[in-house]
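Visitor: I'd like a close look at the space enclosed inside this protein, and then a walk outward to whatever else is worth seeing. Could you take it slowly?

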Amino acid sequence: MSRPWTADLGNGTYRNPVLNADWSDPDVVRVGDDFYLTASSFGRVPGLPLLRSRDLVNWSLVGHALERLEPEADFAVPRHDRGVWAPSLRHHAGRFWIFWGDPDHGIQQINAEDVRGPWSTPHLLKAGRGLIDACPLWDEETGEAYLVHAWAKSRSGVKNRLTGHRMSPDGRELLDEGTTLVDADTIPGWFTLEGPKLHRHDGWFWILAPAGGVETGWQGAFRSRSFTGPYEERVVLAQGDTETNGPHQGGWVRTAGGEDWFLHFQSRGAYGRVVHLQPMRWDGEGWPVIGRDGEPVRTHPRPEAPEQPVEAPASSDDFPGGRYGRQWQWTANPRPGWTVGHSGDGLRLSCVRTAYAHDLRALPNVLVQRLPAEEFTVTTGITLNTREPGAKAGLAVLGDAFSWIGLEAGPDGTPRLVHRYAESVAEHERDAEYSRPAPGATVQVRIEVSRGARCRFFADTRDGSGFRPSGQVFAATPWRWVGALLGLFATAPAGTGPSGTAGFTAFRTTGGPRTTGGPRTTGGPRTTEGPRTTGRPRTS
């Protein structure tokens with residue numbers, strides 16, 4: 001297994017990706033000497049992750065801006081292709097602002113004086129289906145405010161178009177019906193124009209926006225002397241002769257020393273959308289040039305910035321005091337009772353009763369985090385504290401297909417080691433390996449992930465034989481817009497009455513980032529989930 005991934009090479013240079021995990025559709029802002037980044041969180045809760053850095057290379061997760069998703073009823077079950085799409089993060093009038101498009105409800109806005117909160121209640125700025133990728137601009141010279149957004153064809157029948165509005169300075173009202181700023185159907189060869197970021201620079205209105213699709217697209221720049229246009233365009237970043245496919249959609253930021261940088265994603269299949277950092281300069285005609293003459297860099301001298309320890313968002317978790325770290329999210333809005341408080345270390349989950357335990361993709365009570373690196377190993381211990389027949393708990397790799405290993409109480413309540421999986425087209429899990437006894441209702445489980453997100457499962461039932469491989473190699477799969485996830489869960493068959501709990505000891509990853517988490521999170525749930533609604537693809 002490889003050594004932990006670090007973007008900071010320790011010699012004044014860095015390598016891409018600077019965030020080697022699924023931080024999709026990033027946007028970034030500088031406030032003082034600190035940089036802050038947010039990303040799409042889709043239907044996971046809490047949403048709108050907030051990362052902090054002092055050098056754009058080393059990042060830590062400092063919290064989330066969105067405690068729950070609204071409307072509550074819509075996100076009581078997993079909605080992997082809905083929720084928060086491509087947020088924009090800005091700082092204006094002493095406050096942090098985040099705007100995003102929910103493709104089924106419209107454009108929303110929240111704000112806070114401190115990035116750690118408290119954040120305001122979401123405000124629906126523009127209602128409608130298919131309104132996505134919203135970005136505000138406050139013109140500091142004129143005092144006017146603007147908004148630009150893209151369109152999702154899957155909801156609106158419209159795509160490849162950017163719409164602009166004048167906006168009230170408080171960000172709570174649009175002042176006109178909207179104007180088409182860019183219709184990319186009129187630009188030869190351009191398609192799937194989306195993800196706009198709006199700026200003022202050197203007397204121009206700038207829209208930095210990707211086109212060409214997630215896997216193979218490019219980054220475009222548009223400029224006009226007037227907000228309403230007309231805009232001229234140019235491709236400012238593309239794959240070229242590099243191995244970085246689809247280098248696009250992200251944010252431009254300027255350091256305190258005046259350097260310009262651009263953060264964008266690269267789609268990496270089951271690993272999701274990893275984040276790259278590119279140098280940025282301006283050519284003689286005033287256009288941005290991103291990367292090395294418009295192509296992505298693999299390594300590059302670091303930004304001129306204050307020294308910062310080598311760091312990456314945490315993945316390991318000891319669950320001190322029974323609380324989980326910031327890196328974890330639920331697959332839907334959580335409900336009271338999903339976690340069980342206690343004073344020791346380790347996580348305790350309720351075996352939530354459900355009629356859908358045969359399909360992890362349908363469960364809202366799965367605690368998940370991103371795959372932390374291309375190659376890594378994850379290990380945790382599981383104890384099943386119930387003899388309720390059919391109760392189970394496990395460690396999962398979860399995507400459009402899934403596989404998990406853990407414990408299940410048999411018909412007589414005796415716990416057994418089980419390993420199950422389901423293909424993308426399957427609606428019911430099946431055995432990946434024959435079950436076997438689990439003395440003491442406890443087991444250590446391990447997943448080794450190798451290049452290509454190939455997952456090998458192991459278990460140690462403490463019978464003296466050590467870790468033994470289980471089943472065939474499982475190839476992790478993403479949902480269309482979300483990378484595969486690591487998950488912990490505990491369920492019991494539908495019914496009434498107490499169903500018991502499951503305990504998880506320290507969750508350790510090696511080969512990924514070696515950092516520790518921040519403050520812990522309590523919280524949790526009781527469930528009312530319905531049938532599986534994986535909600536396939538976002539097709540803008």
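Guide: Sure, let's start at the walls: Leu66, Arg68, Leu69, Glu70, Phe75, Gly83, Val84, Trp100, Asp102, Gln108 and Pro122 line the largest cavity. Before going on, note that this is a predicted model, where local features need pLDDT of at least 70, side-chain atom pairs count only at pLDDT 80 or more, and totals for chains, interfaces and linings use all residues. Numbering starts from 1 along each chain as its sequence is written, and side-chain values use heavy atoms, without hydrogens or water.

A cavity here is a set of points on a 1 Å grid over the protein atoms alone, where a 1.4 Å probe fits but cannot get out; lining residues have an atom within 4 Å of a point. The structure has one cavity of 30 Å³ or more. The largest cavity holds about 60 Å³ of space, a volume filled by probe spheres set on points joined across faces, edges and corners. Its lining mixes six nonpolar, two polar and three charged residues (Ala, Val, Leu, Ile, Met, Phe, Trp, Tyr, Cys and Pro are nonpolar, Asp, Glu, Lys and Arg charged, the others, Gly among them, polar).

Next stop, a sheet. Four strands (DSSP runs of E, at least two residues, numbered from the N terminus) form an open sheet in the order β18-β19-β20-β21, with antiparallel pairing. At its edges are β18 (248-254) and β21 (288-290), and each has a single partner strand, so one side of each has no neighbour in the sheet. Neighbouring strands here are turned by 30° against each other on average, direction ignored; the axes are lines fitted to C-alpha atoms, with angles from 0 to 180 degrees between N-to-C directions.

Now follow β19. Strands pair if DSSP finds at least two bridges between them, and β18 and β19 have six, in the antiparallel sense. One contact there sets Gly250 against His264 of β19. In the hairpin of these two strands, with five residues between them, Gly258 has a positive phi near 90°.

Towards β20 (residues 273-282), β19 (residues 260-267) runs antiparallel, joined by eight bridges. Phe265 faces Val275 of β20, and Leu263 faces Leu277 of β20. This hairpin also has five residues between its strands, and Gly269 takes a positive phi near 60°.

How enclosed is β19? Eight of its eight residues are buried (under 20% relative accessible area; over 50% is exposed, in between is partly exposed), so the strand is largely enclosed by the rest of the structure. Asp260, Phe262, His264 and Gln266 are buried on one side, and Trp261, Leu263, Phe265 and Ser267 on the other.

Two alanines make a nice pair to look up. Ala93 has a phi near 55°, positive although the residue is not glycine, and Ala441 also has a positive phi near 55°. Ala93 sits in the loop between β6 (85-92) and β7 (95-102), while Ala441 is in the loop between β31 (430-437) and β32 (442-450). Ala93 is exposed, at 65% relative accessible area, but Ala441 is buried, at 13%.

Last, look for cis peptide bonds. One runs from Asn16 to Pro17, with omega near 0°, and Pro17 is in the loop between β1 (13-15) and β2 (27-31). Another links Val45 to Pro46, again with omega near 0°.

Terms used:
1 Å grid on protein atoms, 1.4 Å probe; cavity = no way out; pocket = protein on both sides within 12 Å on 5 of 7 lines; lining within 4 Å. Buried < 20%, exposed > 50% of the residue type's maximum accessible area, 1.4 Å probe, protein only.
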